[in-house]
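Work through the exercises below with the sequence and the model side by side. Try each task before you read its solution.

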Amino acid sequence: MSDIDPGSVTTIGERLRVAREAKKMSLAEVASKTRIPLRHLQHIEAGEWDALPAPTYSVGFARSYANAIGLNGNEIGAELRQQIGSPRPTYETPASYYEPADPARVPPRSLALVAGGIAILLIAAYLIWRSMAVDNVDAAEVVTAQPVAPAPAQNQPAPPQAAHATGPVVLTATDEVWLRIYEAGGGASLFQGVLQAGQRFEVPATAQAPQIRTGRPQALRVTVGSTEIPPLGQPEQTINDVSLRAADLAARVNGAAAPAPAGGTAATGATPNAPAPQQ
């Protein structure tokens with residue numbers, strides 16, 4: 001501890017230095033505690049007030065310094081203000097001097113974090129609102145857009161002729177499908193049940209007027225020999241009493257037959273009462 005009595009020292013800078021040494025604190029510790037640059041603390045202890053940015057800063061620095069080492073900062077500040085008089089013009093103050101004069105006047109870190117969080121929330125809310133607005137515009141455009149009808153084809157080739165298609169009539173499932181094959185006019189049932197994808201049923205050659213009922217005509221691939229027949233009806237619409245005679249199916253390829261009318265919804269999961277479907 002220094003042997004000098006702080007009360008016997010005449011200058012403010014010396015009093016601050018003596019009190020600091022009595023506290024066994026270095027200038028670096030004071031700078032860390034007050035956030036005052038080390039060079040400014042050195043000027044304060046040397047009484048070099050003209051080397052500081054301005055009288056207002058000098059008073060603030062001295063007050064913070066005094067508080068950090070246990071002296072009365074308000075008294076030190078008031079004494080220094082009387083000693084150095086009115087402040088100098090502010091145009092002489094370099095930009096680097098704008099450093100906090102008094103830590104007590106610096107906004108707390110928590111306040112800065114809260115302000116930053118609010119700003120982030122506002123930005124996020126704006127981005128969400130803008131994204132929703134853009135999505136709504138796009139959806140409206142999609143809903144109101146009308147498809148452009150294709151121009152009529154010129155010299156459209158005639159459909160392939162298959163009037164002479166011969167061979168067995170085979171139904172191959174492309175997906176799980178329930179169907180019933182029967183003779184027209186309430187005749188015998190040739191097959192009733194579910195075909196899994198890849199299973200096939202060949203209409204018996206002895207059938208006189210075979211017809212079909214199914215609720216998923218799109219899940220059946222129908223062929224007469226090597227000739228593939230167009231779908232027997234609209235997707236997911238039940239067809240009933242549609243002829244499976246080879247000649248009638250061949251007429252579909254030639255465009256002579258329209259799709260069969262839809263009937264009532266067929267029940268699924270019926271038990272086959274005809275030969276099992278061929279793999």
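The exercises cover a helix, a sheet and some salt bridges.

This is a predicted model, in which local features need pLDDT of at least 70, side-chain atom pairs count only at pLDDT 80 or more, and totals for chains, interfaces and linings use all residues. Residues are numbered from 1 along each chain as its sequence is written, and side-chain values use heavy atoms, with hydrogens and water left out.

**Exercise 1. Find the buried residues of helix H7 and say how they are arranged.**

Step 1. Locate H7 at residues 246-253. Helices (H or I, at least four residues) and strands (E, at least two) are DSSP runs, numbered from the N terminus.

Step 2. Pick out the buried positions: Leu249, Ala250, Arg252 and Val253. Buried means under 20% relative accessible area, exposed over 50%, and partly exposed in between (1.4 Å probe, protein chains only).

Step 3. Look down the axis of H7. The buried residues fall within an arc of 150°, so they line one face of the helix. The arc is that of the directions from the helix axis to the C-beta atoms.

Step 4. Find what they pack against. The partners are strands S1 (169-173), S6 (220-224), S7 (227-229) and S8 (239-243). Contact here means heavy atoms within 4.5 Å.

Step 5. Check what follows H7. Gly255 has a positive phi, near 80°.

**Exercise 2. Describe the surroundings of strand S1.**

Step 1. Count the buried residues: 5 of 5 in S1.

Step 2. Sort them by direction. Val169, Leu171 and Ala173 point one way, Val170 and Thr172 the other.

Step 3. Find the paired strands. S1 runs antiparallel to S6, with 5 bridges between them. Strand S4 (residues 200-202) is also antiparallel to S1, over 3 bridges. Two strands pair if DSSP finds at least two bridges between them.

Step 4. Match residues across the strands. Thr172 stands opposite Arg221 in S6, and Val170 has Glu202 of S4 as its bridge partner.

**Exercise 3. Give the strand order of the open sheet of 4 strands, then place H7 on the sheet.**

Step 1. The order is S4-S1-S6-S7, with antiparallel pairing.

Step 2. S4 and S7 stand at the edges, each with a single partner strand, so one side of each lacks a neighbour in the sheet.

Step 3. From one strand to the next, the twist averages 25°.

Step 4. H7 packs on the sheet and touches S1, S6 and S7. Its direction makes about 80° with that of S7. Axes are lines fitted to C-alpha atoms, for helices over the stretch in contact, and angles run from 0 to 180 degrees between N-to-C directions.

**Exercise 4. How many salt bridges does the structure hold, and what do some of them link?**

Step 1. The total is 7. A salt bridge is a side-chain nitrogen of Lys or Arg within 4 Å of a carboxyl oxygen of Asp or Glu.

Step 2. Take Arg15 and Glu79, which meet at 2.9 Å, N to O. Arg15 is in helix H1 (residues 12-22) and Glu79 in helix H5 (residues 73-84), 64 residues apart.

Step 3. Turn to Glu21 and Arg17, whose closest N and O atoms are 3.4 Å apart. Both lie in H1, 4 residues apart, about one turn of the helix.

Step 4. Finish with Arg216 and Asp175, at 3.4 Å, N to O. Arg216 lies in the loop between strand S5 (210-214) and S6, and Asp175 in the loop between S1 and strand S2 (177-183), so the pair ties together parts 41 residues apart in sequence. Asp175, Arg216 and Glu236 are linked in a network of salt bridges.
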